[in-house]
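Open the model in your viewer and keep the sequence panel in sight. This tour goes from stop to stop, telling you what to select and what is there.

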Amino acid sequence: FKISDEDIHMAIESALTKHIGEVGKKLHTARSRNNQVAVDFRLFVLRNNKEIRILLLDLMQTLLDIAQE
């Protein structure tokens with residue numbers, strides 16, 4: 001992110017505008033910043049769901065192994 005961006009929300013808007021054009025500036029329309037964060041987090045989790053699931057299963061297995069010892 002650039003230091004010139006006011007905050008993470010502006011950085012996301014700038015990156016989106018760079019990728020999809022001027023329509024990226026409408027990201028904030030009718031959305032609070034908290035809502036934007038929730039949507040961003042949901043998209044992140046959905047995108048990374050498989051890796052997160054694998055890591056959680058590994059953690060569960062490790063905890064079971066330790067408990068059996």
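**Stop 1: the loop.** Select Lys25, which sits in the loop between α1 and α2. Keep in mind that this is a predicted model. Is Lys25 buried, exposed or partly exposed? Its relative accessible area is 39%. Buried means under 20% and exposed means over 50%, so Lys25 counts as partly exposed.

Now add Arg47 to the selection. Lys25 and Arg47 are 22 residues apart along the chain. Draw a line between their C-alpha atoms: the separation is 23 Å.

**Stop 2: helix α1.** Select residues 8-20 to show α1. Then pick Thr17, which belongs to this helix. Thr17 has a relative accessible area of 15%. That is under the 20% cut-off, so Thr17 is buried.

Add Arg42 next. Thr17 and Arg42 are 25 residues apart along the chain. Their C-alpha atoms are separated by 20 Å.

**Stop 3: the largest pocket.** Turn on a surface or pocket display. The largest pocket has a volume of about 220 Å³. It is lined by 10 residues, and those closest to its centre are Ile12, Val39, Asp40, Leu43 and Arg47. Select these five names and centre the view on them.

Which helix gives the most to the lining of this pocket? The answer is α2, with 6 residues. Both α1 and α2 supply at least two residues each.

Colour the lining by residue type. You will find 6 nonpolar residues, 1 polar and 3 charged.

**Stop 4: helix α2 and a surface patch.** Select residues 33-68 to show α2. Phe41 is found in this helix. Its relative accessible area is 56%. The cut-off for exposed is over 50%, so Phe41 is exposed.

Keep Phe41 and add Phe44, Ile52, Leu56, Leu59 and Leu63. What do these residues form on the surface? Together they make a nonpolar patch, with about 590 Å² of accessible area.

**Before you close the viewer.** Go back over the selections once more: Lys25 in the loop, Thr17 in α1, the pocket lining with residues from α1 and α2, and the patch that includes Phe41.

Technical notes
Residues are numbered from 1 along each chain as its sequence is written. This is a predicted model: local features need pLDDT of at least 70, side-chain atom pairs count only at pLDDT 80 or more; totals for chains, interfaces and linings use all residues. Side-chain values use heavy atoms; hydrogens and water are left out. Patches are made of residues with over 30% relative accessible area and no salt bridge: like charges are joined within 9 Å, nonpolar side chains (Val, Leu, Ile, Met, Phe, Trp, Tyr) within 5 Å. Accessible areas come from the Shrake-Rupley method with a 1.4 Å probe; for residues, only the protein chains shown count as cover. A salt bridge is a side-chain nitrogen of Lys or Arg within 4 Å of a carboxyl oxygen of Asp or Glu. Helices (H or I, at least four residues) and strands (E, at least two) are DSSP runs, numbered from the N terminus. Buried means under 20% relative accessible area, exposed over 50%, partly exposed in between (1.4 Å probe, protein chains only). On a 1 Å grid over the protein atoms alone, a cavity is a set of points where a 1.4 Å probe fits but cannot get out, and a pocket is an open set with protein on both sides within 12 Å along at least five of seven lines; lining residues have an atom within 4 Å of a point. Grid points are joined across faces, edges and corners, and a volume is the space filled by probe spheres set on the points. Ala, Val, Leu, Ile, Met, Phe, Trp, Tyr, Cys and Pro count as nonpolar, Asp, Glu, Lys and Arg as charged, and the others, Gly among them, as polar.
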